[in-house]
Amino acid sequence: MSDVVGLGTLAMDVLVQVDRLPGVDGFAVVTGRSYLPGGSGTNVITQAARLGARAAYIGKVGDDQLGTQILESLRSEGVDTAGMRVLTGGTSLSTTVVVDAAGDRFILLDLGDAFGSLSAEEVDVDTIADAKVFYTDLVPPAAARAGIEAARAAGVPVVIGLEVGLNTMAGLGVSREDVLAAVAQATVFLPCREGLTDLCGSDDVATGLDFLAAHCPGLSIVTLGADGAVAVTGAGQQLRVPGYPVTPVDTTGAGDAFAGAFLYFHFIDGRDPAESLRLANAVAALSCTQLGARSGPDHSRLASFLETAS
C-alpha cells in the first residue's frame with residue numbers, strides 16, 4: 001500500500017543554461033546543457049518519496065528513450081510504477097527549461113502523444129483508494145477526474161496542484177470551470193501565482209486569498225518565493241510562514257518540492273499545517289540551491305540545513 005499516490009504531469013527536462021534570458025528577438029549564449037527527469041506531478045511525488053513516503057505514480061509514457069528514462073527515474077526514487085502505462089510507438093512528454101545565471105527561467109513544452117492518452121479506464125483506482133493522500137495536477141483531465149472520484153469515494157484526502165496558467169491548462173483540455181469544480185472537492189489546493197492570477201483576475205495576493213477562501217472549502221496555499229508561504233481556509237482564516245534565505249542557482253521545481261514536502265509532513269508525518277508549511281519552505285529553499293527540478297533534500301540534508309538556518 002502506498003502512502004501517497006500521484007496522477008498527472010511527467011516529463012524529461014532538457015536543461016539549457018544561458019548567460020541571460022533574451023527578450024523578443026534577443027540573443028543568449030548557451031553555457032551548458034543536461035538532461036534531467038522532471039514534470040510537475042512526478043516532481044511532487046518524488047520529493048515526498050525522498051522524505052520517506054511510500055509513493056506511487058499513475059501516468060502514461062511512450063516506448064521511446066525518454067519514456068524509459070522517465071520510468072527509471074521514478075523507480076530510482078523508490079516510486080511504485082505499477083500504475084504507469086506505456087503507449088506502443090508513442091512519444092513521451094518533454095520540456096526544455098532555459099535558465100540564466102540568476103536562476104530565472106522559461107519553459108517550452110512538447111506534449112508528445114503518449115501523456116494525454118491516459119484514459120479514465122486505465123487509472124488504478126484501487127491503489128488510490130488504499131492511499132493516505134491523492135495528488136493530481138488535473139491532467140490528463142478524464143484520468144484526473146477518475147482519480148479524484150476514486151479518492152473521494154474512499155475518503156482519501158485530495159490535494160490539487162495548479163502549476164501553470166489557465167492558457168496552458170486550456171491547451172491541455174482543462175478549462176477554468178474544470179479547475180474550480182475540482183478545487184471545490186479539494187482538501188488542499190496549491191495554485192502557482194500565474195494560475196491564481198488567471199483564476200481571480202488579479203495579481204494582488206490579498207485578492208487571490210479572498211478568492212481562494214470563497215472557492216475552496218479546504219486549505220489553499222500560495223507560495224511567495226523568498227517570503228515563504230501563506231495559507232487560507234474556506235472560512236477565511238490565514239496563516240503566514242516566512243521563508244528561508246538562500247542564494248538561488250535554479251528555481252525550477254521549487255513549488256513542486258514545496259508541495260511534495262507539505263504532502264509528506266502534513267498527511268504522512270502528521271504535522272500541523274504551520275509546521276508543515278515551515279518545513280516545506282525549507283525544502284523549497286534548498287531545492288533552489290542546485291540545478292534541476294528534483295533538487296529537493298532528503299531528511300538528512302534537510303536536518304543539516306535547519307540546524308544551520310536556526
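# Notebook: a loop, a pocket and two cavities

I opened the predicted model at Pro140, which sits in the loop between strand S9 (133–136) and H4. I checked the peptide bond before this proline and found that Val139 and Pro140 are joined in cis. The omega angle there is about -10°.

Next I looked at Leu138, which belongs to the loop between S9 and H4. Leu138 is not a glycine, yet its phi is positive, at about 75°. Is Leu138 buried or exposed? I read a relative accessible area of 6%, so Leu138 goes down as buried.

**Another positive phi**

I then turned to Asp25, a residue other than glycine with phi near 60°. Asp25 lies in the loop between strand S2 (11–18) and strand S3 (30–38). Here I noted a relative accessible area of 80%, so Asp25 is exposed. I like to keep the two entries side by side: Leu138 is buried, whereas Asp25 is exposed.

**The second largest pocket**

Leu138 came up again when I looked at the second largest pocket. Which residues lie nearest the centre of this pocket? They are Leu138, Arg145, Ile148, Asp178 and Ala182, from a lining of 13 residues. Two elements give two or more residues each to this lining, helix H4 (141–153) and helix H6 (176–183). H4 supplies the largest share, with five residues.

I wrote down a volume of about 170 Å³ for the second largest pocket. Sorting its lining by class, I got eight nonpolar residues, three charged ones and two polar ones.

**Cavities**

How many cavities of 30 Å³ or more does a search of the whole structure find? I noted two.

The largest cavity has a volume of about 50 Å³. Helix H1 (residues 40–51) gives the largest share of its lining, four residues. Among the residues that line this cavity I listed Asn43, Thr46, Gln47 and Arg50. Gly253, Ala257 and Ser287 also line it, as do Ala293, Arg294, Ser295 and Gly296. By class, I have seven polar, two nonpolar and two charged residues around the largest cavity.

The second largest cavity holds about 30 Å³ of space. I found Arg193, Leu196, Thr197, Ser202, Asp203, Asp204 and Val205 along its lining. Helix H7 (residues 193–200) makes the largest contribution, three residues. Three charged, two polar and two nonpolar residues make up this lining.

**Ser287, a residue of the largest cavity lining**

I wanted a better look at one residue of the largest cavity's lining, Ser287. Ser287 is part of helix H10 (residues 273–287). What does the side chain of Ser287 reach at 2.6 Å? I found the backbone oxygen of Ala284 at that distance.

Leaving out residues up to four places away in sequence, I listed the contacts of Ser287 as Asp250, Gly253, Ala254, Ala257, Ser295 and Gly296. Among these, Gly253, Ala257, Ser295 and Gly296 also appear in the lining of the largest cavity. Why do I file Ser287 as buried? The relative accessible area of Ser287 is 2%, and the buried class is defined as under 20%.

**Helix H8**

Val205 took me from the lining of the second largest cavity to helix H8 (residues 205–215). Which residues of H8 are buried? I wrote down Gly208, Leu209, Phe211, Leu212 and Ala213.

I also looked up what covers these buried residues. The cover includes the helices H6 and H7. It also includes strand S11 (188–191), strand S12 (219–223), strand S13 (229–233) and strand S14 (238–241). I met H6 earlier as a contributor to the lining of the second largest pocket, and H7 in the lining of the second largest cavity.

**Aromatic pairs**

My last lookup was for aromatic pairs, and the structure holds two. For one of them, Tyr264 and Phe265, I noted ring centres 5.1 Å apart. Why is this pair edge-to-face? The planes of the two rings stand at 75°, and an angle over 60 counts as edge-to-face.

I checked burial for both partners as well. Tyr264 has a relative accessibility of 9% and therefore counts as buried. Phe265 is at 1%, so Phe265 counts as buried too.

Conventions. Residues numbered from 1 in each chain as written. Predicted model: local features only at pLDDT ≥ 70, side-chain atom pairs only at ≥ 80, totals over all residues. Heavy atoms only, no water. 1 Å grid on protein atoms, 1.4 Å probe; cavity = no way out; pocket = protein on both sides within 12 Å on 5 of 7 lines; lining within 4 Å. Points joined across faces, edges and corners; volume = space filled by probe spheres on them. Nonpolar A, V, L, I, M, F, W, Y, C, P; charged D, E, K, R; others polar. Buried < 20%, exposed > 50% of the residue type's maximum accessible area, 1.4 Å probe, protein only. Contact = heavy atoms within 4.5 Å. Polar contact = N/O pair within 3.5 Å; in protein donor to acceptor, adjacent residues only side chain to side chain. Phe/Tyr/Trp six-rings, centres within 6.5 Å; stacked < 30°, edge-to-face > 60°.
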